[in-house]
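Here's a quick tour of a protein chain, from its overall build down to a few cysteines and one loop residue. Have a look at the model first, then read on.

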Amino acid sequence: MEKRRIAILGSTGSIGTQALEVIKEHRELFEVELLVCRSSWEAMARQAREFDANAVVITDASHYLDLRNALEDTGTKVFAGMDSVCSLVTGDNIDIVIASMVGFSGLEPTISAIKAGKVIALANKETLVAAGRIVMDLASRMNVPILPVDSEHSAIFQCLMCARGNKVSKLHLTASGGPFRTWDRESIAKATKDIALKHPNWDMGAKITIDSATMMNKGFEVIEAKWLFDMPVDRINVVVHPESIIHSMVEFEDGAVIAQMAEPDMREPIQFALCFPERLPLSTRKLDFAKVGSLSFSEPDPERFPALGLAFKAMERGGNIPCALNAANEAAVAAYINGRISFYGISDVVGECMERTSYISDPSLEDIFATNDEAYSLSGRLIDEMERR
């Protein structure tokens, strides 16, 4: 495998830090060209030094001087702002862009990278939730591979490699069920953020962890799977699998099901995307089936986890409504983490925002950005109303 030059958008987050762990195991195969973070300048300065990054960007410009001063004795170039990110990802010195910024903010630089013909290792599911048709059409026109990094979509991607042209009848996305899998609705309604942030299997950032607790994360993954694999939503199934050993499955017309299995460790799908189509050694814990013992499965409960149903509803309506779903969820999750609304207030805000956002059946990219602003603003007003009650 020839050396690959990497840009990591969201380098100080969960995916970014684990990507750097993968790169550290195979330093001879990777060159870190660009690191991007929102505000964690101290952590990114350490990363830049360790991996001798060519350039770094901090999107929160208020920390630019801190970062520049921290790296002034190095050869690393320091930039600030989203415009710098969108410009630098197009550079000839970059082969693969790991898109792992959290939320809607990841859309613009991902589109810039696709236009420049970069391979995309996609960990930012909101990009396809908000603008799936636009992004996939652009990638197709530019002949740009979009390699999934989410464990579920990486699993499906790996299973589909065995399809050999045979027709797929269904995709099965597995879900851990989150911290409230066995709780009743009344108890969940009272859940504090401290409990919601304790995921039983995965180490993720706060936003994604809350999305997992509401199961909105799985709804986003259904939408993402639709676009990544060109699969109608009614042929995408969600099954709760608390052990998180089977990461997802592909069912064929004859009823045969192929599953991808591994210990819950994001480094495996990250490395698969970075090294595709090759597989390299990785210091993850390997499956011991005797110790695993048994695997269990159940249907998700729509009464206790209404957010999952909202995602399916958004895709049924189509157009710009999935974008509104994403924007409202970003605002509502932040409000929940800040103690402004209850756990079920998240899905209440999202559902109301979806109903009240101006509908566009075939949105342009400009429409998507306008919808994001409209839905985010509307969600803010709904959250304010909830607080006053």
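## The chain and its cysteines

Of the 389 residues in the protein chain, 54% are buried (under 20% relative accessible area; exposed is over 50% and partly exposed is in between, with a 1.4 Å probe and protein chains only). Keep in mind that this is a predicted model, where local features need pLDDT of at least 70, side-chain atom pairs count only at pLDDT 80 or more, and totals for chains, interfaces and linings use all residues. Residues are numbered from 1 along each chain as its sequence is written, and side-chain values use heavy atoms, leaving out hydrogens and water.

What is the chain built from? It has 17 helices and eleven strands, taken as DSSP runs numbered from the N terminus (helices are H or I, at least four residues; strands are E, at least two). The C-alpha atoms fit a box of roughly 55 × 50 × 40 Å along the principal axes. The radius of gyration is 20 Å, which agrees with the value near 21 Å for a compact globule of 389 residues; the radius is taken over C-alpha atoms, and the globule rule is 2.2 Å times the number of residues to the power 0.38.

Contacts here mean heavy atoms within 4.5 Å. Counting those with a separation of 6 or more, 68% join residues 24 or more positions apart.

Now for the cysteines. A disulfide is a covalent bond between the sulfur atoms of two cysteines. The search looks for a pair of cysteine sulfur atoms within 2.5 Å, and across the whole structure it finds zero disulfides. Why do Cys162 and Cys275 stay unpaired? In each case the closest cysteine sulfur is too far for a bond, as the table shows.

| Cysteine | Closest cysteine sulfur | Sulfur distance |
|---|---|---|
| Cys162 | Cys159 | 6.6 Å |
| Cys275 | Cys162 | 19 Å |

As for their surroundings, Cys162 is partly exposed, with a relative accessible area of 44%, whereas Cys275 is buried at 0%.

Cys275 also turns up in the contacts of Leu280: leaving aside neighbours within four places in sequence, Leu280 touches His26, Leu29, Gln271 and Cys275. Where does Leu280 sit? Its place is in the loop between helix H12 (267–275) and helix H13 (289–292). Leu280 counts as partly exposed, at 23% relative accessibility. Its C-alpha atom is 9.8 Å from that of Glu268, twelve residues away along the chain.
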